[in-house]
Amino acid sequence: APQGYLPSQLFNLDGSKYGSQQALEDLLEKCHKNGIRCLADIVINHRCGDRQDAQGRWNQFSSGMQNRPSFSGVADWGGWAVTLGDQYSDGSGMHGPGHFDGRFDAAPDIDHRNPKVQESISIWLRWLRLQVGFDGWRFDFVKGYGAEFVGKYCSKSHPAWAVGELWTDMHYDCHGLCYDQNKHRQQLVDWINATGKKVL
């Protein structure tokens, strides 16, 4: 998608419909000079493969990193990075979805319990902060993977702040939206606590 909600090559910012990596870095630098901090939208519940496996599943991922030999192999994943049971899985993954994980059927759901996935995402986030210039994270669709991984990624990448997009069902009755939404609020508090209080 042009908006980036179906990410593929995580390090390839020149493939964006919005401009080049250099233009983004220049913009972020200008924002910082004017006292503005910048938030990156982190879409890591799912990722689109840029190649198919032998059975035609889009579960072969390349990083898009061209100019940093030290990043060789980072975020170059195969079917092993997809949660077991997902329609894009080849059965070589380590884990199925967690008990509370929401599904996103438009793209492969990523196995955040896999140490290689965790390492790749942590490196990518540090690169977004230290090279590109983002200050903080807005984690997309966090009901798709465990809150503890958001906490881990924040601990590894040290954002100035982070938030998560978590929506749960509001409480309605025959008259419409109920006044008492404490259950909904508590679910938000529980999620923040499960991150290790690394996000708001």
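In this predicted model, a helix is a DSSP run of H or I covering at least four residues, and helices are numbered from the N terminus. Gly35, which comes just after H1, takes a positive phi of about 75°.

Q: What makes the span of helix H1 close to the expected one?
A: Helix H1 comprises residues 21-33, 13 residues in total. The expected span is 1.5 Å times one less than the number of residues. For H1 this expectation is 18 Å, and the distance from its first C-alpha to its last is also 18 Å. Helix H4 (residues 182-194) likewise has 13 residues and reaches 18 Å, close to the 18 Å expected. After H4 comes Gly196, with a positive phi near 85°.

Q: How do you know that the buried residues of H1 are on the same side?
A: The buried residues in H1 are Gln21, Glu25, Leu28 and Cys31. They cover an arc of only 120° around the axis, and therefore lie on the same side of H1. The face turned away from that buried side carries Lys30 and Lys33, both exposed.

Q: What covers the buried residues of H1?
A: The cover includes helix H2 (115-132). Gln21, Leu24, Glu25 and Leu28 in H1 meet Trp127, Gln131 and Val132 in H2.

Q: Why are H1 and H2 called roughly perpendicular or roughly parallel to each other?
A: The two axes come within 10 Å and cross at roughly 65°. Angles of 65 to 115 degrees count as roughly perpendicular. H1 and H2 are therefore described as roughly perpendicular to each other.

Q: Why is Ser122 counted as buried or exposed?
A: Ser122 is found in helix H2. Buried means under 20% relative accessible area. Ser122 has 5% relative accessibility and therefore counts as buried. Neighbours within four places in sequence aside, Ser122 is in contact with Tyr153 and Lys156.

Q: How do you know whether Ile42 is buried or exposed?
A: Ile42, which lies in strand E1, has a relative accessible area of 0% and is therefore buried. Apart from neighbours within four places in sequence, its contacts are Trp124, Leu125, Leu128, Trp137, Arg138, Phe139 and Asp140. Ile42 and Asp53 are eleven residues apart along the chain, with 26 Å between their C-alpha atoms.

Q: What makes the side chains of strand E1 alternate?
A: Along E1 (residues 39-42), Ala40 and Ile42 point to one face and are buried, whereas Leu39 and Asp41 point to the other face and are not buried.

Q: How do you know that E1 and strand E2 pair?
A: Two strands pair if DSSP finds at least two bridges between them. E1 and E2 (residues 136-139) have four bridges and pair in the parallel sense. Within this pairing, Ala40 has Trp137 of E2 as its bridge partner. E2 is also joined to E3 by three bridges, again with the strands running parallel. On that side, the bridge partner of Phe139 is Gly164 in E3.

Q: What makes E1 and strand E3 edge strands?
A: The open sheet has three strands in the order E1-E2-E3, with parallel pairing. E1 and E3 (162-164) each pair on one side only, and they are the edge strands. From one strand to the next, the twist averages 20°.

Q: What angle does helix H3 make with E2?
A: Helix H3 (residues 147-157) lies across E2 and E3 and runs at about 165° to E2. Angles over 145 degrees count as roughly antiparallel.

Notes: Residues are numbered from 1 along each chain as its sequence is written. This is a predicted model: local features need pLDDT of at least 70, side-chain atom pairs count only at pLDDT 80 or more; totals for chains, interfaces and linings use all residues. Side-chain values use heavy atoms; hydrogens and water are left out. Buried means under 20% relative accessible area, exposed over 50%, partly exposed in between (1.4 Å probe, protein chains only). Helices (H or I, at least four residues) and strands (E, at least two) are DSSP runs, numbered from the N terminus. The arc is that of the directions from the helix axis to the C-beta atoms. Contact means heavy atoms within 4.5 Å. Axes are lines fitted to C-alpha atoms, for helices over the stretch in contact, and angles run from 0 to 180 degrees between N-to-C directions. Angles under 35 degrees count as roughly parallel, over 145 as roughly antiparallel, 65 to 115 as roughly perpendicular and the rest as oblique.
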